[in-house]
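This note is meant for a colleague who is meeting the structure for the first time. Please read the numbered points alongside the sequence and the coordinates.

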Amino acid sequence: QVQLVESGGGLVQAGGSLRLSCAASGSIISINRMGWYRQAPGKQRELVAVITSGDSTNYADSVKGRFTISRDNAKNTVYLQMNSLKPEDTAVYYCNANIMINFWSRDDYWGQGTQVTVSS
């Protein structure tokens, strides 16, 4: 069994910062890609940022220059530093990880989501 547990969401004023964390635990052999997605009310879930096992990163255009994704492989944890937050960043943020739990398969796992609310 694998679990992804997120933390760090909350309420912040526009222009403020938050740092999200997501820790993976369980029978993990290795973790490939890790990322953050978000879903605002009435909208589809969208990619925010992703980081590979080689630390290559990719960001949605809407967050480039404001958000930074990083990971600590020793802790099986991915972070999302969010600066200069805008009201349009308000959403439930979900952690995603592509994890090898045995030597013949990898699966995608999701966290439970953490609410980020940015007030104007």
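1. A residue is called buried when its relative accessible area is under 20%, exposed when that area is over 50%, and partly exposed in between. R66 has a relative accessible area of 11%, so R66 is classed as buried. The model under discussion is a predicted one.

2. Overall architecture. The protein chain contains 11 strands and 0 helices. Read from the N terminus, the order of elements is therefore β-β-β-β-β-β-β-β-β-β-β.

3. Dimensions. For 120 residues, a compact globule would be expected to show a radius of gyration near 14 Å, and the protein chain agrees because its value is 14 Å. Along the principal axes, the C-alpha atoms occupy a box of roughly 50 × 25 × 25 Å.

4. Burial, surface and contacts. Among the 120 residues of the protein chain, 41% are buried. The accessible surface amounts to about 6,400 Å², and carbon and sulfur atoms contribute 47% of this surface. Of the contacts with a separation of 6 or more, 56% join residues that are 24 or more positions apart.

5. Charge. The protein chain carries 11 positive and 9 negative charges. The mean positions of these two sets are 2 Å apart.

6. R66. This residue sits in the loop between strand 6 (57–59) and strand 7 (67–72). A polar atom of the R66 side chain lies 2.8 Å from the backbone oxygen of S62. Beyond its neighbours within four places in sequence, R66 is in contact with Q81, M82, N83, S84, L85, K86 and D89. The reader may wish to view R66 together with these partners, given that R66 is buried at 11% relative accessible area.

7. T77. Strand 8 spans residues 77–82 and includes T77. The relative accessibility of T77 is 7%, so T77 counts as buried. Its side chain has a polar atom 2.8 Å from the backbone oxygen of K75. When residues up to four places away in sequence are set aside, T77 touches C22, A23, M34, S70, R71 and D72. The C-alpha atoms of T77 and E6 are 9.5 Å apart, although the two residues are separated by 71 residues along the chain.

8. Y93. Which residue's side chain makes a polar contact with the side chain of Y93? The partner is R38, at 2.9 Å. Y93 belongs to strand 9, residues 91–102, and is buried because its relative accessible area is 0%. Outside its neighbours within four places in sequence, Y93 has contacts with E6, L20, W36, Y37, R38, V48, F67, L80, M82, G113, T114 and V116. R38 thus appears both in this list of contacts and as the polar partner of the Y93 side chain. The C-alpha atoms of Y93 and E46, which are 47 residues apart along the chain, are 9.6 Å from each other.

9. S21. This residue is part of strand 3, which covers residues 18–26. With a relative accessibility of 18%, S21 counts as buried. Residues up to four places away in sequence excluded, S21 touches V5, E6, S7, W36, V78 and Y79.

10. A49. Strand 5 holds A49, and A49 counts as buried because its relative accessibility is 0%. With residues up to four places away in sequence left out, A49 touches G35, W36, N58, Y59, I69 and L80. W36 and L80 are also among the contacts of Y93. The C-alpha atoms of A49 and Q39 are separated by 13 Å, and the two residues are 10 residues apart along the chain.

11. Two residues with positive phi. Where does D55 lie? D55 is in the loop between strand 5 (46–51) and strand 6. Its phi is near 70°, a positive value in a residue other than glycine. D55 has a relative accessible area of 47%, so D55 is partly exposed. N76 is likewise not a glycine, and its phi is positive at about 50°. The loop between strand 7 and strand 8 contains N76. N76 is also partly exposed, because its relative accessible area is 24%.

How values were computed
Residues are numbered from 1 along each chain as its sequence is written. This is a predicted model: local features need pLDDT of at least 70, side-chain atom pairs count only at pLDDT 80 or more; totals for chains, interfaces and linings use all residues. Side-chain values use heavy atoms; hydrogens and water are left out. Helices (H or I, at least four residues) and strands (E, at least two) are DSSP runs, numbered from the N terminus. The radius of gyration is taken over C-alpha atoms; the globule rule is 2.2 Å times the number of residues to the power 0.38. Buried means under 20% relative accessible area, exposed over 50%, partly exposed in between (1.4 Å probe, protein chains only). Contact means heavy atoms within 4.5 Å. Accessible areas come from the Shrake-Rupley method with a 1.4 Å probe; for residues, only the protein chains shown count as cover. Lys and Arg count as positive and Asp and Glu as negative; His and the chain ends are not counted. The place of a charge is taken as NZ of Lys, CZ of Arg, CG of Asp or CD of Glu. A polar contact is a pair of N or O atoms within 3.5 Å; within protein, one must be able to donate a hydrogen and the other to accept it, and residues adjacent in sequence count only if both atoms are side-chain atoms.
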